[in-house]
Amino acid sequence: MKKSALSLFIILLILTPSLFAGTVSGYISNLEDGEPIHYANVFLENTTQGAVSNADGYYLILDVPDGVYTLTASVIGYKLEKRNISVGATSRIKVHFDLTPEQIQLEEVIVSAEREKFKQEIKISSITMDRAQLRTVPVLVEADLFRALQMLPSVSTGSDFSSALYVRGGSPDQNLILLDGITVYNPYHFGGIFSTFNTDAIKEAEFMAGGFPAEYGGRMSSVLDIKNREGNTEEFHGSGNISLLSSKLLFEGPIPRGSFMISGRRTYFDAIWEGAKGIYNAFAPEPISFSFPYYFYDMQGKINFDFNDQHRTTLSGFFGNDVLWFKEEFKEGNPGESGYNLDYYGVDWIWGNNTLSLKHRWLIRPDLIAKFFVARSKFQFDVDFLLKNEYFYIDDSDSSNIDTTDIKNHTSINIHDYITDWSEGLDMTWLINKKNTLKFGVFHKDIDFALGADFNELSLLDSVNQSQEWGFYIQEKYRPSPLFIFEPGLRFTRYANTKKWYPDLRAKAKVLATDQLAFTLAGGTVHQFLQTANFENEMIRFIDLWFPTTSEMEPSKATHFNAGIEYWYNNIQFTLEGYYKKYDHLLTMSEDIGGAQLMSFIEAEGYSYGIELLMKKTSGNLTGWIGYSYMSTKKRESEAAGYYPPKYDRTHNLNVVAQYDIDKRWYFSSSLVWSTGNPYSQIYGNFHYTDPDQISSWLNRMEIYGERNGERYPPYFRLDVGINRRGKLFKQKATYYFHVINVTNHPNVFLYLYENYDAQFDPETNTSIIYRQPITMFPILPTFGVEFSF
């Protein structure tokens, strides 16, 4: 009934003619590359009527009386343009602007857009980063989106070895990662050290840690909405990057009635190793046979096609894989003589994502916009292990009785995990009047999960699961005056596995006390219908294995409350936010992997609260931000067990990111992180089950733990610096960079290894003392490379 009523409403709305008098609408784009310009001001001179362009560059001025006007488009960084127009009683005037960029620093354009967003939108717990800001952070080999986000006050890190995002007490599987609207399930390369996304192809990324609009659902902690570049509609361009890790290339340009963008990246450690090995083996008396077995690659692309002013179709895709492949063969003897022995080891391991989406934007009438989409996202994890041993022996010592021995052992193991996600939906925006904007839509998601393991072609695990979600959302933006904005929203989701509807209520409000000061409030609920099967205390999360919530479980639920203050002083933005988040039906992987408990979940609950401060400067010779957060996160699996801090709870976090332009050619970049150490469970000794004569057997001892996550590692500190120079490469624009990670070589503890000293065994208590040795994270690491465009 709910879906039928909404469908009927949408049909009637499309068929109903606009009730407005004259309207003026159109798109605003950059003349040089055709990229949409958002937050541009468009107004009728000598009147109070005007509008601001949205993310698509679209603007609409409603209820324009009859008359002749001068229409002006204005935004910092572009030349002001004017058009003379005549509006009739029911006219629908379309005026498109292609604005010419002016010689002004890019940072000032960013400030202008941010200030306009401050006036027009409620962006509590949200920040948008573009390509220029992503390059502010000194890089670990190359620019990385997730590494830049880890420098925000809302985000904690697990370790140097992971780019996973822990947002306000949530785990990485509670983050909704979208690339051009498509869900990406395992957004990492190299076991989590690098994120999947090529920053050269990214136009912007909006990160939301709270105050989620009703159009987003399915994850409890954050939303990362990444948008690829549209592609240059005017001329062909390219860019690239050569670093110690990889090479990247991007091409973009016009096509008839549209544009395209395609980018690719591949690591080349394997190729460099093979080249160096070939040179070494040509002169070395003992050649090297070992091959570097790993590389990763990815491709991102986008095609836009404009049928006319009302219809645009976009095809967007991503394809990337990590590949680990090697084989080693050891052979002795000769089959034709006395015999031989052969040992063979092989691994064929591939994992990665591929996504494809088709979207169509239909401007039904000036006040009504529809966006249809269908998307497919697939994650695959497939590994094959092969062990082979052959032994053949000929005993010809007795010519009258030749004895042969032929032994062949063959072991093969296959483990695979596949996720296939088909999503469809319709998003509508109805500009009702100057005070009211209504967004609503319907959605459907069908996900198949397949996890299996085979041993010598014998199936050990064959788990096939399915998850279906469908529903609708509606959100109103009500602005009765320029000083107040209120956005209530509601999202209804039908989850097939439990055969229930789950409502999520959202609301946020903003009061602009002055042109520079605003107060914001937000709250709401979010349900999550799938989770990863990863142990909470694992130190390295190499891969994510996703499972749907079953009919025996209740979906996880988070309730958010946020309050904030935002203040602008010239080109500096200050934000102060407080939040409280409560978790119910939180599903955690059971640490007991024996018997029937294999791959099982236990239900937990928890809460997180904190305060965050961000000071951000985006123009001038000195740019960057300073972020500080205080956070407390607690979980419990039962009332008897009590609350404990999860391993990613960091009480205090201080992040400083800065870039200083020395002159037009040289600029300096740096980042500093100081934080409280992560919690861990201390091991104090061993208890021995048997008498002292057998204490050397590890099977007869049990480690004695203290309080769960009751201790913390030493505080974390890291300073990264970089020097960059703008110049030329083969007469093309280029930037050379030299960066140093952990320039102070500070030893940040990753974990402790414990050693047993049985000589200090106490026979009265059957215990012995153990000693610990710290294992540290990244040492000082220099890196260099070059970026270029043509």
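Student: Before we start, what is a nonpolar core?

Tutor: A nonpolar core is a set of buried Ala, Val, Leu, Ile, Met, Phe, Trp, Tyr and Cys residues that are joined through side-chain atoms within 4.5 Å. Please keep in mind that we are looking at a predicted model.

Student: OK, so which residues touch the most other members in the largest nonpolar core?

Tutor: They are Leu145, Phe146, Leu149, Phe197, Phe207, Leu224 and Ile226, out of the 40 residues that make up this core. Several elements give two or more residues to the core, among them helix 4 (145-149), strand 16 (202-208), strand 17 (222-228) and strand 45 (749-762).

Student: What is phenylalanine 197 in contact with, leaving aside its neighbours within four places in sequence?

Tutor: Its contacts include Leu145, Phe146 and Ile226, and also Pro187, Arg265 and Gln300. There is also a second, separate core of 31 residues, which includes Phe296, Phe379, Leu545 and Trp546.

Student: Switching to sheets, what is the order of the 5 strands in the open sheet?

Tutor: The order is 9-16-17-12-13, and the pairing is mixed. Strand 9 and strand 13 (182-183) are the edge strands, since each of them pairs on one side only. Strand 12 and strand 13 run antiparallel and are joined by 2 bridges, and one bridge pairs leucine 178 with threonine 183 in strand 13.

Student: And which strands does strand 33 pair with?

Tutor: Strand 33 (residues 556-569) pairs in the antiparallel sense with strand 30 (residues 517-528) over 12 bridges, and 13 bridges join strand 33 to strand 34 (residues 572-589), again antiparallel. You can follow this at lysine 557, which is the bridge partner of histidine 527 and stands opposite aspartate 584 in strand 34.

Student: How many residues lie between strand 33 and strand 34 in the hairpin?

Tutor: There are 2 residues between them, and asparagine 570 in the turn has a positive phi of about 55°. Most residues other than glycine have a negative phi, which makes such places useful to look at.

Student: Where is histidine 585, and what is its phi?

Tutor: Histidine 585 is in strand 34, and its phi is near 55°, a positive value in a residue other than glycine. Lysine 731 also has a positive phi, near 70°, but this residue lies in the loop between strand 43 (716-729) and strand 44 (732-741).

Student: Why does lysine 731 count as exposed, and histidine 585 as partly exposed?

Tutor: Exposed means over 50% relative accessible area, and partly exposed runs from there down to the 20% limit for buried. Lysine 731 has 76%, so lysine 731 counts as exposed, while histidine 585 has 29% and therefore counts as partly exposed.

Student: New topic: how many aromatic pairs are there?

Tutor: The count comes to 32 aromatic pairs. One of them joins tyrosine 607 and tyrosine 643 edge-to-face, with 5.3 Å centre to centre and 70° between the planes. This pair links distant parts of the chain, as the two tyrosines are 36 residues apart, with tyrosine 607 in strand 35 (residues 601-617) and tyrosine 643 in the loop between strand 36 (622-636) and strand 37 (652-661).

Student: Are those two buried or exposed?

Tutor: Tyrosine 607 is partly exposed at 22% relative accessible area, and tyrosine 643 is partly exposed at 36%.

Student: Which arginine lies over the face of tyrosine 295?

Tutor: Arginine 266 does, at 4.0 Å from the ring centre, and arginine 650 lies over the face of tyrosine 716, at 5.2 Å from that ring centre.

Definitions and conventions
Residues numbered from 1 in each chain as written. Predicted model: local features only at pLDDT ≥ 70, side-chain atom pairs only at ≥ 80, totals over all residues. Heavy atoms only, no water. Pairing = 2+ DSSP bridges. Helix = DSSP H or I, 4+ residues; strand = E, 2+ residues; numbered from the N terminus. Buried < 20%, exposed > 50% of the residue type's maximum accessible area, 1.4 Å probe, protein only. Contact = heavy atoms within 4.5 Å. Phe/Tyr/Trp six-rings, centres within 6.5 Å; stacked < 30°, edge-to-face > 60°. Lys NZ or Arg CZ within 6 Å of the ring centre and 35° of its normal.
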